[in-house]
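This report goes through one structure, beginning with a single side chain and its surroundings and ending with the chain as a whole.

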Amino acid sequence: MNLPFLGPVGARDLLDILLVAALIYQGYKLVVGTRAVNVVRGIFVFAGVWVAAQLLGLVTLSTLLGRAGTVGLFALIVLFQPELRAALERIGRPRGREASSGAALQDLARALERLAERKTGALIAIERRTPLGEYAATGVPLDALVSVPFLEALFARNAPLHDGGVIIQGSRVVAAGCLFPLQQSDGTYRRYGTRHRAGIGLSELTDAVVLIASEERGSIRIALGGRLGPDLNGTELRDQLRALVYDYEDAPPQPVGGLV
Ligand SMILES: Nc1ncnc2c1ncn2[C@@H]1O[C@H](COP(=O)(O)OP(=O)(O)OP(=O)(O)O)[C@@H](O)[C@H]1O
C-alpha cells in the first residue's frame with residue numbers, strides 16, 4: 001500500500017503501529033486512576049518544552065532540560081517504585097484467577113453492616129487486578145471462606161487479629177492484621193484517623209476496593225483510587241460491591257461517586 005508523503009506501507013509497518021498503539025493504551029490503563037497520572041501529564045509538558053527549545057535552537061535551555069530529564073527519570077523510578085512494581089506484577093499475573101462470588105460479596109456487605117451497627121471498626125481490602133501479596137505478608141496468613149460470623153469474629157474488640165486490615169482474594173480471606181500504607185500525598189484526608197487513611201493509602205497504590213467501617217461514627221465507606229466515598233447504607237454497599245468487584249473486568253479504577 002502506498003500512502004501520500006509516507007511511501008509504501010507494508011504489513012510489518014501496520015503491525016508495528018498496532019503494537020505501539022496497544023502499548024500506549026496499556027500504559028494509559030496502568031496509570032489512569034493512580035497518583036501517577038498527574039506526573040505523566042507533567043512529563044508531557046516537560047517534553048513539549050524541551051522539543052520546542054530544540055526546534056527553536058535554544059541551546060542552553062534544551063541542554064538544561066535534557067540533563068534535568070535524565071536525573072528526573074531516576075527520581076521518578078525511586079518515587080514511583082511501589083506503583084512500578086505493582087504495574088509489573090499486573091502485567092506478569094496469570095489471567096483467570098478466582099473471582100469473588102455473589103454470595104461472598106453478600107456476606108461481606110452483611111458483615112460490614114453488622115460491624116458498623118455495633119460501632120466495631122473494620123478495614124477490608126478486596127483484591128482486584130493489582131496483587132496485594134506484599135500487604136498480606138505484613139499480617140497473619142489465613143485461608144478461610146468469607147462468612148459473616150468469621151469476619152465479625154476477626155474484628156471483635158479484643159480479638160487477636162482485630163488490629164489492622166483484612167485482605168480478600170476472590171471469596172477467601174487470605175490475611176488479617178495487615179499493615180496498609182497511610183495516605184499522605186496531600187492534606188485532603190488529614191482530619192481522618194489512621195484506619196481511614198490506611199484504607200485510602202492502599203487504594204491509592206493499588207486498584208483494591210477498600211471497605212472501612214468506622215468505630216467512631218458507625219458508618220461504612222469505600223476507598224477507591226485514592227479517594228474516600230460517601231457513607232453507604234447496606235443496599236448501596238451491595239450495589240457498589242456488585243459494580244466494583246462482581247462486574248469488574250478490564251475497566252480502569254474509577255473514583256467512587258460523591259467524593260469528600
Ligand atoms: N497502617 C495501618 N494499616 C492497617 N490498619 C491500621 C493502620 N493504622 C491504623 N490501623 C487500624 O486503625 C485503628 C485505629 O483507628 P483510628 O481510630 O485511628 O482511625 P479512624 O480512621 O478514626 O477510624 P474510626 O472511625 O474507626 O475510629 C487501629 O487500631 C488499627 O486497627
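## Arg197 and its surroundings

Apart from residues within four places in sequence, Arg197 is in contact with Leu182, Gln183, Tyr189 and Tyr192. The structure is a predicted model. Arg197 is part of helix α8. It counts as buried because 21 C-beta neighbours fall inside 10 Å, and the threshold for that class is 20 or more. Gly226 is 29 residues from Arg197 along the chain, and 9.5 Å separate the two C-alpha atoms.

## The ligand shell

Helix α8, residues 194-205, also supplies the largest share of the shell around the ligand, with four residues. The shell has 18 residues, and those that come nearest to the ligand are Gly193, Arg195, Ala198, Ser214 and Glu215. By class, the shell residues divide into six nonpolar, seven polar and five charged.

## Lys119

One of the residues that come nearest to the ligand, Glu215, is also a contact of Lys119. The other contact of Lys119, leaving aside neighbours within four places in sequence, is Gly218. Lys119 sits in the loop between α5 and β3, the latter covering residues 122-126. Ser219 is 100 residues away from Lys119 in sequence, yet the C-alpha to C-alpha distance is 8.0 Å.

Is Lys119 buried or exposed? Neither class applies: Lys119 counts as partly exposed, because it has 14 C-beta neighbours inside 10 Å, and that class lies between 12 or fewer for exposed and 20 or more for buried.

## Positive phi angles

Most residues other than glycine have a negative phi. Lys119 departs from this with a positive phi near 55 degrees. Asn158, which is not a glycine either, has a positive phi of about 75 degrees.

Asn158 is likewise a loop residue, placed between α7 (148-155) and β5 (165-169). It is exposed, because 5 other C-beta atoms lie within 10 Å and the limit for exposed is 12 or fewer.

## The nonpolar core

The largest nonpolar core contains 49 residues. Leu112, Ala125, Ile167, Val209 and Val210 have the most contacts inside this core. Helix α5, residues 102-117, gives the most to the core, with eight residues.

Which residues does Leu112 touch, beyond those up to four places away in sequence? They are Ala122, Leu211, Ala213, Ile220 and Leu237.

## Domains and annotated spans

The domain assignment splits the protein chain into domain 1, residues 2-92, and domain 2, residues 99-246. Taken over C-alpha atoms, the centres of domain 1 and domain 2 are 35 Å apart.

UniProt, in an unreviewed entry, lists the feature "transmembrane region" at residues 14-31 and 43-65. In the model, residues 14-31 are 100% helix and 0% strand, with 26 Å between the end C-alpha atoms. Residues 43-65 are 87% helix and 0% strand, and the end C-alpha atoms of that span are 11 Å apart.

## The chain as a whole

The protein chain has nine helices and nine strands. Of its 260 residues, 32% are buried. Among contacts in the chain with a separation of 6 or more, 64% join residues 24 or more positions apart.

Definitions and conventions. Residues are numbered from 1 along each chain as its sequence is written. This is a predicted model: local features need pLDDT of at least 70, side-chain atom pairs count only at pLDDT 80 or more; totals for chains, interfaces and linings use all residues. A residue is near a molecule or strand if its C-beta atom, placed from the backbone, lies within 6 Å of it. Helices (H or I, at least four residues) and strands (E, at least two) are DSSP runs, numbered from the N terminus. Ala, Val, Leu, Ile, Met, Phe, Trp, Tyr, Cys and Pro count as nonpolar, Asp, Glu, Lys and Arg as charged, and the others, Gly among them, as polar. Domain bounds come from an automatic or database domain assignment. A nonpolar core is a set of buried Ala, Val, Leu, Ile, Met, Phe, Trp, Tyr and Cys residues joined through C-beta atoms within 7 Å. Two residues are in contact if their C-beta atoms, placed from the backbone, lie within 7 Å. UniProt positions are given in the numbering used here, feature names are shortened, and annotations may be inferred rather than shown by experiment.
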